[in-house]
Amino acid sequence: MGLKARIRAVSPLWAVRTYKGLALGREFLRDFRDYAASTLWESDLKAGTPRRDNSEALSSRIVVHYHALEKGMTFPKPRRPYGIERREELAALVSIAESGGQELSSLAPAMSAIEALDRFNSTGEISDETTPRAESSLEEIPLDAITRFVTTRRSVRNFDVTRPVPDPLIQQAVQFAGTTPSVCNRRSFKAHYFDSRDTIDALLSLQNGNSGFGHTVPGLFVITEKRSAFAGPGERNQRWVDGGLFSMTLVWVLHALGLGTCFLNWSQTHARTDALREAAGIPPTEDVIVLIAVGYPSLNHRVARSPQRPVSEIFQHHR
């Protein structure tokens, strides 16, 4: 019996509950401190703080504004004029980035969005660059193909250690997964990938769900979200949603490319997360969402049965 277990065995119930409550409160206080420091969009973007990524905060603000301008021209009957105030705010943010010499990937789309808005408000012409027409029809995938694809994706816990995963395949998967929808098109997720045996072992030693098979994992993703991309109390949980969506898309793409995966949840304390960041070289401004093991499955590997719940338990049609 370990030390913690022995202490718990001889401690009164009220003491155990009090300790757990205080531990939970400590984690919540750290959540508040980090989120508040990382997401104060109205603060001075030039002020340095290790808990806020100023470039990400500025870039995300630019994306939110230009994406709003783009969306306005996708409505059934776009009104004219629109977006005047938001255009001014966007132009001011672009000016801040340019004056600071920041080469943000959001600058070019922002400038084209401003040009498209000005042209639309003056002439009614809708830009094919900022709001291209979607394909009028998509070829329907046969139901049996969908069924096979979805039902054959299972968590793999026995990888072929003799087959390394090609780097181009990993990069292709991440590129495809980058199309995942995200709030206001911020796309603040990031995939950190590791294929060094020593590094993988070090990272997996901090995660509780890989005992018995972690040594066979040839590649490991650590999925994170850039905290400074969000703002305000309403978005305090959004990074987990966006990061989860990206992670699931990535796993589906890897499955389509013939690779096996296993989600490794990151339900850990801040102390353990700090240790992972240090071992992985991840900055303190990124939140760890989940780990994903990836590789070619071992021949004739077994998978857990993992029965589904009946549709009646996961679906309700509100008429």
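A salt bridge here is a side-chain nitrogen of Lys or Arg within 4 Å of a carboxyl oxygen of Asp or Glu. With that in hand, let's walk through this predicted model.

**Stop 1: the salt-bridge network**

Select Arg30, Arg33, Asp34, Arg227, Arg239, Asp274, Arg277 and Asp287: salt bridges link these residues in a network. Across the whole structure, a search finds 13 salt bridges. Zoom in on Asp34 and Arg33, whose side chains meet at 3.3 Å, N to O. Which of these partners is buried and which is partly exposed? Asp34 is buried, at 7% relative accessible area, while Arg33, at 37%, is partly exposed.

**Stop 2: the open sheet**

Now switch to a cartoon view and find the four strands, which form an open sheet in the order 1-2-4-3 with antiparallel pairing. At the edges you will see strand 1 (189–194) and strand 3, each of which pairs on one side only. From one strand to the next, the twist averages 25°.

Next, colour strand 4 (residues 286–295). Ten of its ten residues are buried, so the strand is largely enclosed by the rest of the structure. On one side, strand 2 (residues 219–226) runs antiparallel to strand 4 and is joined to it by eight bridges. Show Glu225 and you will find Asp287 of strand 4 opposite; Asp287 also belongs to the network from the first stop. Lys226 has Glu286 as its bridge partner in strand 4.

Strand 3 (residues 260–265) also pairs with strand 4, again in the antiparallel sense, over six bridges. To see one of these pairings, select Leu264 and its bridge partner in strand 4, Leu291.

**Stop 3: the helices on the sheet**

Add helix 9 (residues 238–256) to the view. This helix lies across strand 1, strand 2, strand 3 and strand 4, and runs at about 15° to strand 4. Helix 10 packs on the sheet too, touching strand 1, strand 2 and strand 4, with its direction making about 65° with that of strand 4.

Stay with helix 10 (residues 270–280) and select His270, Thr273, Leu276, Arg277 and Ala280, which are buried. Where do the buried residues fall when you look down the helix axis? They fall within an arc of 115°, so they line one face of helix 10. As background, an α-helix has 3.6 residues a turn, so residues three or four places apart point the same way. Rotate to the face turned away from the buried side, and you meet the exposed residues Ala271 and Glu278. Just after helix 10, check the backbone of Gly281, where phi is positive at about 70°.

**Stop 4: two more salt bridges**

Select Asp118 and Arg87, which form a salt bridge whose closest N and O atoms are 2.8 Å apart. This pair links distant parts of the chain: Asp118 sits in helix 5 (residues 107–123) and Arg87 in helix 4 (residues 84–99), 31 residues apart. Asp118 is partly exposed at 33% relative accessible area, and Arg87 counts as partly exposed at 26%.

Finally, go to helix 8 (residues 197–204). Asp201 and Arg197 both lie in this helix, four residues apart, or about one turn. Their side chains meet in a salt bridge at 3.0 Å, N to O. Asp201 is partly exposed, with a relative accessible area of 35%, and Arg197 is partly exposed at 31%.

Methods:
Residues numbered from 1 in each chain as written. Predicted model: local features only at pLDDT ≥ 70, side-chain atom pairs only at ≥ 80, totals over all residues. Heavy atoms only, no water. Buried < 20%, exposed > 50% of the residue type's maximum accessible area, 1.4 Å probe, protein only. Helix = DSSP H or I, 4+ residues; strand = E, 2+ residues; numbered from the N terminus. Pairing = 2+ DSSP bridges. Arc of directions from axis to C-beta. Axes fitted to C-alpha atoms, helices over the stretch in contact; angles between N-to-C directions. Contact = heavy atoms within 4.5 Å.
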